Amino acid sequence: MEICIFASGSKGNCLYISDGKTFILVDAGYSYRTIAARAAAAGIDISGVGAIISTHCHYDHSRGISSVIDSLGIPVYAHADGIEALSLLYGIGKKHIVPFKGDFFIGGLRFSPYLLSHDAPACCGISIESGGRRVSIATDLGKVDEEALAHMRGADLVVIESNHDVEMLKKGRYSAALKRRILSPVGHLSNEQCAEAMEKLLEWGTKAFVLAHLSEENNLPELAFSCATQRLLSLCAREGRDYSLYLAGQRWPTGVFAL
Ligand SMILES: [Zn+2]
Ligand SMILES: [Zn+2]
């Protein structure tokens, strides 16, 4: 499999995954034009993309879905309990939406969705498997519960949210209500919460992590990175020797991860 994160964060999200035969986008938080430009910057042609998988209806994940559907004539797959919101908020006709609840296949890719603790209808994390390799994507969650951990367990690559530094958020300029929302169990993961989950996942065999959905307002890449590496150092695990750690940003695509 090849994975590239074209953009990650509260201004827009889009991830690309392919097994060489089937080409998929997870979320479309930008217009088709911007996504195609990001893809080109990463050396990827998205004209063959066959479907979009929607994780949830929030603007930063869904506002470009209509534009991608119109440009490529492809369907969007969404959790059955999230379809109503997706259709209502973005005017996406239901004939373009394929509902899922459990596992499903597109070509040779197996998708296993799982519910995340987040303030949107049926917000999903997704594990994607092909040829015995598995990637799991969990962004937009206020806590890592047992179900999410169980689904991420043993994945070769985990893309996980490291949204904010708690002190930066508390001292920052967001309203009290927004701070409460982000810190709540249905908001977003702090660097510490992310690192705690990574510690378990590393012990269970995951060797590569991408920190995603970093706040540009309430976090710094170096803080997220050092929080994770410090935590894993307590297991005597060193970045580069025992595991790989990458960051996905808002403005540039990541490199292409090959599994
Ligand atoms: Zn988001
Ligand atoms: Zn969200």
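This section describes the two zinc sites, the internal cavities and the cysteines of a predicted model.

The zinc ion (ligand 1) is coordinated by Asp60 and Asp140 through OD atoms and by His61 and His213 through NE2. The distances from this ion to its donors run from 2.1 to 2.2 Å. Along the chain, the donor residues of the zinc ion (ligand 1) show the spacing D-H-x78-D-x72-H. Angles among the 4 donor atoms range from 90 to 154°, and the site is classed as irregular. Because a tetrahedral assignment requires all angles to lie between 85 and 135 degrees, the upper value of 154° at the zinc ion (ligand 1) is not compatible with that class. Two of the donor residues of this site were examined for accessibility. Asp60 has a relative accessibility of 10% and counts as buried, while His61 is buried with a relative accessible area of 0%.

The zinc ion (ligand 2) is bound by three histidines and one aspartate: His56 and His118 donate NE2, His58 donates ND1, and Asp140 contributes OD. For this ion the coordination distance is 2.2 Å. The donor spacing in sequence is H-x1-H-x59-H-x21-D. The site of the zinc ion (ligand 2) is likewise irregular, with its 4 donor atoms subtending angles of 88 to 167°. As at the other ion, the tetrahedral class is excluded because its angles may not exceed 135 degrees, whereas the range at the zinc ion (ligand 2) extends to 167°. His56, one of the donors of this ion, is buried at 3% relative accessibility.

The two sites are joined through a shared ligand. Asp140 bridges the zinc ion (ligand 2) and the zinc ion (ligand 1), and the separation between the two ions is 3.6 Å.

A search of the whole structure for internal space returned 2 cavities of 30 Å³ or more. The largest cavity encloses about 110 Å³ and is lined by 13 residues. Nearest the centre of the largest cavity lie Asn13, Leu15, Asp27, Ile137 and Thr139. Strand 1 (2-7) and strand 2 (14-18) are the elements that each supply two or more residues to this lining. By class, the lining of the largest cavity consists of 8 nonpolar, 4 polar and 1 charged residues.

The second largest cavity has a volume of about 50 Å³. Its lining is formed by Ser54, Thr55, His56, Cys57, Ala78, His79, Gly82, Leu86, Pro121 and Ala122. These residues divide into 5 nonpolar and 5 polar, with no charged residue. His56 thus appears both in the lining of the second largest cavity and among the donors of the zinc ion (ligand 2).

The search of the whole structure found 0 disulfides. Cys57 takes part in no disulfide, and the nearest cysteine sulfur, belonging to Cys123, is 8.6 Å away. Since a disulfide requires cysteine sulfur atoms within 2.5 Å, the 8.6 Å separation rules out a bond between Cys57 and Cys123. Cys57, a lining residue of the second largest cavity, is buried with a relative accessible area of 8%. Cys123 is also in no disulfide; for this residue the nearest cysteine sulfur is that of Cys124, at 6.7 Å. Cys123 is buried, with a relative accessible area of 1%.

Definitions and conventions. Residues are numbered from 1 along each chain as its sequence is written. Chains are lettered from A and ligands numbered from 1 in the order in which they are written. This is a predicted model: local features need pLDDT of at least 70, side-chain atom pairs count only at pLDDT 80 or more; totals for chains, interfaces and linings use all residues. Side-chain values use heavy atoms; hydrogens and water are left out. Donors are N, O and S atoms within 2.8 Å of the metal (3.2 Å for Na, K and Ca); water is not among the atoms, so sites may look incomplete. Four donors count as tetrahedral if all angles lie between 85 and 135 degrees; four count as square planar and six as octahedral if opposite donors are over 155 degrees apart and all others between 65 and 115; anything else is irregular. Buried means under 20% relative accessible area, exposed over 50%, partly exposed in between (1.4 Å probe, protein chains only). On a 1 Å grid over the protein atoms alone, a cavity is a set of points where a 1.4 Å probe fits but cannot get out, and a pocket is an open set with protein on both sides within 12 Å along at least five of seven lines; lining residues have an atom within 4 Å of a point. Grid points are joined across faces, edges and corners, and a volume is the space filled by probe spheres set on the points. Helices (H or I, at least four residues) and strands (E, at least two) are DSSP runs, numbered from the N terminus. Ala, Val, Leu, Ile, Met, Phe, Trp, Tyr, Cys and Pro count as nonpolar, Asp, Glu, Lys and Arg as charged, and the others, Gly among them, as polar.
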